[in-house]
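Q: Please take a close look at one part of this model. I should like to know how its side chains are placed and how the neighbouring architecture is arranged.

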Amino acid sequence: MDSFLVAIDNGSQSTKVLVVDQGGRVHASARVGLRPYDTSLPGRAVHPDDDVWESIATACATALRRFSGDRSRIVGVGLCTIRFCRAYLRADGTLAEPLLSWMDERVGLPFDADAAGANDVRWITSSSGYVSHRLTGERTDASGNLQGVWPIDPARWRWSDDPEAYLATGMPREMLFDLRDPGEELGRVTAAAAALTGLPEGVPVFATSNDKAVEALGAGAGNEGDVLLSLGTYIAAMTAGAGPEHGETFWSNFAARPAMHLAESHGVRRGMWTVSWLRRLVQPEGSADESMYDLEALLDAEAAAVPAGSDGVAAVLDWLAPSDEPWRRGALLGFSGPQGRAHVYRAILEAVALAMADNVDAMSAELGRAPSALIVTGGGAQSATMRQILADVFALPVRRAGVDDAAGLGAAICAAVGAGIHQDWASAIAAMVRPGGVTLPGEDEAAYRRLRPWHRGVRERVAELSRWSVGNIGDIDDQERNEE
């Protein structure tokens with residue numbers, strides 16, 4: 001008889017839950033959107049109220065209502081949440097303030113007890129640690145989800161033995177949760193959590209890793225020649241890494257298998273978010289939310305008929321500037337009149353592909369190996385136009401993951417190993433991961449080879465202009481006020 005696993009995939013824009021069997025087949029699913037970040041204070045970006053936990057509880061309950069199988073055969077839950085988040089908890093485990101998003105500037109800084117309210121914050125953890133606590137009542141977290149400013153030893157996947165690491169991050173060891181590796185048990189679902197989520201009380205919850213690494217696991221990106229391109233709010237490219245050391249053009253990320261690492265190139269912040277922005281911009285006023293997805297399919301078809309280069313329209317996707325270059329701004333340029341929404345849509349997709357091709361080339365050169373295949377996951381992977389542009393720009397075959405929610409399948413694999421359904425990681429991956437369709441380079445490959453240096457120059461020039469404007473517009477305003 002089949003055993004079942006519940007996979008929780010909490011991303012930047014939504015939470016998705018799958019009910020999966022030991023062969024990787026999806027029997028039920030649900031998706032619950034997250035509310036927009038609260039950015040009302042400068043430098044702050046938080047998930048309003050308790051939105052992440054509420055979306056997970058609702059998505060679990062919905063998926064399990066849709067599941068027609070025997071719930072008593074659910075043997076584990078795989079928990080995967082957004083990386084680079086931070087949660088400040090009171091002594092009773094409730095949020096002292098809303099969960100800090102990866103876009104909040106505080107997640108890149110040491111913990112400031114005075115600013116956070118020292119008398120109120122007892123525990124500091126990640127998004128996965130907070131959700132783990134809500135599900136199980138235990139104070140445990142996934143070691144692979146601790147990127148950024150944490151006192152962790154990346155070689156050992158454990159809290160550091162160096163006292164200076166705790167001073168540098170402002171995080172005393174007694175304020176931190178205990179760590180668990182992928183496939184290790186975080187705890188068991190409490191009666192209270194079972195009532196909210198529909199999960200069976202007492203079922204074990206297993207650690208995964210960070211969401212991008214879990215995507216790579218679920219997509220089957222394990223060979224050195226594979227590059228996983230995650231087309232989400234943050235677009236990242238990853239390949240098998242040699243260890244915890246960073247390079248000049250990549251950084252080392254925890255993988256979704258214990259003691260392993262991924263090399264991750266520079267990425268595009270708010271990448272596919274820009275598609276959502278355009279979709280909202282051109283959506284007919286008063287139309288239902290569901291029609292937004294129909295509109296995206298229409299835009300995708302329209303953009304497929306636009307020639308490579310979008311008739312001169314170019315997009316620069318610095319809609320969210322990196323902290324080390326805060327002057328960067330996004331841009332759309334090159335209009336001459338005849339272009340319309342399809343050109344803008346295609347220009348955004350081309351900007352993703354062209355920027356990430358440069359990033360992957362730089363990473364590959366430093367690693368000393370060239371990619372042989374590109375695997376795509378995330379919402380952007382559903383676009384046939386995006387897949388063809390990527391194949392032409394990278395001059396590589398582009399393969400979709402067999403399941404659209406690759407992070408969900410990766411979470412299920414971690415739970416399957418933890419629950420003993422499969423004896424090891426290799427057998428779990430072999431049984432549960434299936435490749436999706438392949439898109440081959442087409443007639444636009446040569447055109448994009450010529451367009452790559454042009455677009456690189458556009459990005460560099462927009463960055464120069466943005467830096468100038470940030471440094472000089474204030475001076476111009478001051479001069480005009482003096483003249484008045």
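A: A residue is called buried when its relative accessible area is under 20%, exposed when that area is over 50%, and partly exposed in between, for a 1.4 Å probe and protein chains only. By this standard C60 is buried, its relative accessible area being 0%. The model is a predicted one, in which local features need pLDDT of at least 70, side-chain atom pairs count only at pLDDT 80 or more, and totals for chains, interfaces and linings use all residues. Residues are numbered from 1 along each chain as its sequence is written, and side-chain values use heavy atoms, with hydrogens and water left out.

What, then, is the bonding state of the sulfur of C60? The closest cysteine sulfur belongs to C80 and lies 13 Å away, which is too far for a bond. A disulfide is counted here when two cysteine sulfur atoms are within 2.5 Å, and the search of the whole structure finds 0 of them. C414 is likewise in no disulfide, since for this residue the nearest cysteine sulfur, again that of C80, is 8.2 Å away. C414 is also buried, with a relative accessible area of 0%.

The strand architecture comes next. An open sheet of 6 strands runs in the order β3-β2-β1-β4-β12-β11, and its pairing is mixed. Strands are DSSP runs of E with at least two residues, numbered from the N terminus, and two strands pair if DSSP finds at least two bridges between them. The edges of the sheet are formed by β3 (26–33) and β11 (185–188). Each of these has a single partner strand, so one side of β3 and one side of β11 are left without a neighbour in the sheet.

Within the same order, β1 stands beside β4. Strand β1 (residues 4–10) and strand β4 (residues 74–81) run parallel and are joined by 6 bridges. A7, for example, has G78 in β4 as its bridge partner.

At the edge, strand β3 contains H27. Is H27 buried, partly exposed or exposed? Its relative accessible area is 36%, so H27 is partly exposed, whereas C60 is buried at 0%. Computed along the chain or through space, where does H27 stand with respect to L176? The two residues are 149 residues apart in sequence, and their C-alpha atoms are 37 Å apart in space.

Methods. Helix = DSSP H or I, 4+ residues; strand = E, 2+ residues; numbered from the N terminus.
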